[in-house]
Amino acid sequence: MPKILLVTSGKGGTGKTTVSMLLAHALCRRDRNVLLIELDSGLRGLDLLLGVSDRVVYDLSDYLCGRCKPVKAVTVCDVPKGNLHLIAAPSDRYFVPDPNALASLLRGMSGCYDELILDAAAGLGRGFDVAASLCTSALVVTTPDPVSVRDAAKAVSMLQRTPPRLIVNKFSTRQLSADLPNLDSIIDTVGAQLISVIPEDPALPQAGARGALPPAASPAMGEIEDLARRLLGERVLLNIGRLR
Ligand SMILES: Nc1ncnc2c1ncn2[C@@H]1O[C@H](COP(=O)(O)OP(=O)(O)OP(=O)(O)O)[C@@H](O)[C@H]1O
Ligand SMILES: [Mg+2]
């Protein structure tokens with residue numbers, strides 16, 4: 001089976017799609033060939049963030065249901081080396097991929113790509129089960145919000161086949177003085193190894209609204225670069241001492 005990274009959460013709005021997209025860009029800058037597959041049936045977003053919504057014709061369900069050839073479901077994104085591709089989410093909100101059909105798609109694509117990234121929908125229903133059964137590694141994205149943390153713990157408990165790593169997103173040092181859980185208690189509650197803490201960064205929604213990348217110097221982007229390096233096996237220390 002190819003390398004398949006599932007980006008998931010439990011609760012909605014934690015930043016799965018944003019992280020998937022920025023991570024894919026960071027991997028492409030390191031010369032990896034990346035295919036992003038959005039699984040969020042009925043709630044497409046990656047095409048907008050990648051600035052290619054006017055180019056998407058076919059989507060994941062079209063391919064899996066035999067309405068188009070694989071190549072027609074793939075949209076090439078605007079990156080300098082042309083090495084970032086997208087399969088857009090099904091427009092039908094009730095669509096749940098058949099596990100065998102999705103596995104066969106992933107196997108077929110594995111020869112063409114170094115990294116397959118599955119951007120999951122919120123929730124832990126049937127779509128989550130299908131994605132979880134096919135991934136070879138997983139990132140669980142939570143915000144410091146207690147509900148999000150509890151849902152991330154549930155997601156982690158359902159991913160025991162491929163123990164996931166934890167991303168705490170939208171982290172703000174402001175919360176150190178507030179009632180939100182600190183990093184240690186988030187890690188304890190979720191029960192997964194921490195791989196990244198991405199700061200709350202207004203540049204992300206601003207750039208997302210334009211279908212553009214945030215400035216490279218914006219606070220979150222440095223952490224995304226480090227995340228990509230860690231996933232590629234580099235030893236990049238987490239600089240979290242000041243956040244605890
Ligand atoms: N680190 C961050 N700082 C500030 N805003 C962020 C950050 N990460 C994501 N966001 C914003 O949070 C919002 C939700 O992000 P996103 O759509 O990526 O979440 P999601 O988990 O994919 O949501 P869904 O569960 O609906 O699929 C977006 O407006 C996005 O720009
Ligand atoms: Mg999303």
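A polar contact is a pair of N or O atoms within 3.5 Å. The exercises below use this cut-off on a predicted model.

**Exercise 1.** Which backbone atoms of Thr14, Gly15 and Pro205 make polar contacts with ligand 1?

Solution.
1. A polar backbone atom of Thr14 is 3.1 Å from an oxygen atom of ligand 1, which is within 3.5 Å and so counts as a polar contact.
2. For Gly15, the distance from a polar backbone atom to an oxygen atom of the ligand is 2.9 Å.
3. For Pro205, a backbone N or O atom lies 3.4 Å from an oxygen atom of ligand 1.
4. On its own, ligand 1 has 640 Å² of accessible area, and the protein covers 76% of it.

**Exercise 2.** Which of the 17 residues around ligand 1 come nearest?

Solution. The nearest are Lys16, Thr17, Thr18, Lys170 and Asp201.

**Exercise 3.** Describe how helix α1 meets helix α10.

Solution.
1. Two packed helices are described by the angle and the distance between their axes.
2. The axes of α1 (residues 16-29) and α10 (residues 219-231) cross at roughly 65° and come within 9 Å.
3. The crossing is right-handed.
4. On the α1 side the contact includes Val19 and Arg29, and on the α10 side Met221 and Glu225.
5. By class, the contact residues are 10 nonpolar, two charged and no polar.

**Exercise 4.** At what angle do α7 and α8 pack, and which residues make the contact?

Solution.
1. Helix α7 (residues 146-157) packs on helix α8 (residues 183-190) at about 35°, with the axes 8 Å apart.
2. Val149, Ala152, Ala153 and Val156 of α7 meet Ile186, Thr189 and Val190 of α8.
3. Six of these residues are nonpolar, one is polar and none is charged.

Notes
Residues are numbered from 1 along each chain as its sequence is written. Chains are lettered from A and ligands numbered from 1 in the order in which they are written. This is a predicted model: local features need pLDDT of at least 70, side-chain atom pairs count only at pLDDT 80 or more; totals for chains, interfaces and linings use all residues. Side-chain values use heavy atoms; hydrogens and water are left out. Axes are lines fitted to C-alpha atoms, for helices over the stretch in contact, and angles run from 0 to 180 degrees between N-to-C directions. Helices (H or I, at least four residues) and strands (E, at least two) are DSSP runs, numbered from the N terminus. A crossing is left-handed if the near helix is turned anticlockwise from the far one by less than a right angle, and right-handed if clockwise. Contact means heavy atoms within 4.5 Å. Ala, Val, Leu, Ile, Met, Phe, Trp, Tyr, Cys and Pro count as nonpolar, Asp, Glu, Lys and Arg as charged, and the others, Gly among them, as polar. A residue is near a molecule or strand if one of its heavy atoms lies within 4 Å of it. A polar contact is a pair of N or O atoms within 3.5 Å; within protein, one must be able to donate a hydrogen and the other to accept it, and residues adjacent in sequence count only if both atoms are side-chain atoms. Accessible areas come from the Shrake-Rupley method with a 1.4 Å probe; for residues, only the protein chains shown count as cover.
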